[in-house]
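Student: I'd like to go through this model with you, interface and empty space included. Can we do it as a quick back-and-forth?

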Amino acid sequence: MELIATPRHDALVVTVNESRIDAAGAIRFKDRMRELVAQASPRVILDLSHVAFLDSSGLGAVVAVMKLLGPDRRLELAGLTPGVQKVFRLTRMDSVFVIHAAVPDALRDVG
Amino acid sequence: MSAEPPRTPALAGREAAQDCVLAISADPLAVRAALQSICARNPVRSLPEPLRATVELVLAEVLNNIVEHAYDGAPGLIEISLRRQSGALHCTVTDGGRPMAQGTLPQGHLPQPDARDLPEGGFGWFLIRELSHDLRYARAKGRNVLSFCLACDAASDRLAKQSG
């Protein structure tokens, strides 16, 4: 499970460099995220633009990450591909997360 | 993986009509490989992208449920059969694991998003029921047989939604 974390201003941008977050990878995703979000930052932005497939186990793992951030930190999602977006929309979990079309420009690796 | 799947009476003699039949071991990595293989060949490969994604998602939920609940992590075999007919993909999935509780499928109500206690599970059957039609479950000869249909074109997708 390749996850790349980049601190940017007040946010930690975590890019998922995998094509799937599924039942076979959900636990590793959650464990790796737990390590990464140990770095203090009020916002965590999960860049899902490389993820083409997410099943209900993957969705559960993303929710679990949101919960382990606690009430004072936010998990935001960015770059949802159509298949992933559909899972969030059908389960109405799109109402729970702040979802960006892409990682906000201000937080991008400029240059 | 190359083992010939045992044939249920319903499948016997209809082998030629089957577009895709495979038997896999009940573990999450085998499920992942099976999904990738199913999407890479017909009848699923030729579907438009949004419908292919739906097929992959519903099959993933069905297969992962079997691994986690019917077999509960124990080794076992899952047989998958897919056939395209009359604008629908007819899917049959068979396993030798435990029967469904009370012999029926879970209702699959959508867990309510509650900001204080967000649900981490319980979405699988909701997604299967939301995206499939003609969902049937039977316990036959000590095996679970789940069958369902998925839309193969936008028109039948709409019909499925209206009748559901």
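What follows is a set of questions and answers on this predicted model.

Student: Let's start with the interface. How much area is buried between chain B and chain A?

Tutor: On the contact side, 25 residues of chain B touch 25 residues of chain A. Carbon and sulfur atoms give 64% of the area buried between the two chains. That buried area is about 2,000 Å².

Student: Which three residues supply the most of the area that chain B buries against chain A?
Tutor: There's a trio that supplies more of chain B's share than any other three residues, and it makes up 30% of the area that chain B buries against chain A. The names are Arg32(B), Leu118(B) and Glu120(B).

Student: What about charges: which residue of chain B forms a salt bridge with Arg20(A)?
Tutor: The rule finds three salt bridges across the interface of chain B and chain A. In the one with Arg20(A), the closest N and O atoms are 2.9 Å apart. The partner is Glu56(B).

Student: Which element gives the largest share of the side of chain B that touches chain A?
Tutor: Seven residue pairs are in polar contact between chain B and chain A, with both residues at pLDDT 80 or more. On the chain B side, H1, helix H2 (49-70) and helix H3 (124-131) each supply at least two residues. The largest share is eight residues, and it comes from H2(B).

Student: And by class, how many residues on the side of chain B that touches chain A are nonpolar?
Tutor: Take the other classes out of the way: that side has four polar and seven charged residues. The nonpolar count is 14.

Student: Now the empty space. What is the volume of the largest pocket?
Tutor: The largest pocket is lined by 25 residues, and Ala23(A), Ser56(A), Ser57(A), Glu68(B) and Glu120(B) lie nearest its centre. By class, the lining divides into 10 nonpolar, 10 polar and five charged residues. The volume is about 520 Å³.

Student: Which helix supplies the largest share of the lining of the largest pocket?
Tutor: Helix H1 (26-36) and helix H2 (56-68) of chain A each supply at least two residues of the lining, and so do H2 and H3 of chain B. The largest share is six residues, from H2(B).

Student: Where does the largest share of the lining of the largest cavity come from?
Tutor: The count is one cavity of 30 Å³ or more, and the largest cavity holds about 40 Å³ of space. Its lining includes Arg20(A) and Asp55(A) from chain A, along with Arg32(B) and Asn64(B) from chain B. By class, that lining has five nonpolar, one polar and four charged residues. The largest share, four residues, comes from helix H1 (residues 28-40) of chain B.

Student: On to the backbone. Which peptide bond is cis, with omega near 10 degrees?
Tutor: Look in the loop between H1 and H2 of chain B, where Pro43(B) lies. The cis bond is the one from Asn42(B) to Pro43(B).

Student: Last one: which residue in the loop between H2 and strand S2 (77-85) of chain B should I look at for its phi?
Tutor: For a related case, Gln102(B) has a positive phi of about 60 degrees although it is not a glycine, and its place is in the loop between strand S3 (88-95) and H3 of chain B. In the loop you asked about, a residue that isn't a glycine has a positive phi of about 55 degrees, and that is Asp72(B).

Technical notes:
Residues numbered from 1 in each chain as written. Chains lettered and ligands numbered in written order. Predicted model: local features only at pLDDT ≥ 70, side-chain atom pairs only at ≥ 80, totals over all residues. Heavy atoms only, no water. 1 Å grid on protein atoms, 1.4 Å probe; cavity = no way out; pocket = protein on both sides within 12 Å on 5 of 7 lines; lining within 4 Å. Points joined across faces, edges and corners; volume = space filled by probe spheres on them. Nonpolar A, V, L, I, M, F, W, Y, C, P; charged D, E, K, R; others polar. Contact = heavy atoms within 4.5 Å. Buried area = accessible area lost by both parts, 1.4 Å probe. Salt bridge = Lys/Arg side-chain N within 4 Å of Asp/Glu carboxyl O. Polar contact = N/O pair within 3.5 Å; in protein donor to acceptor, adjacent residues only side chain to side chain.
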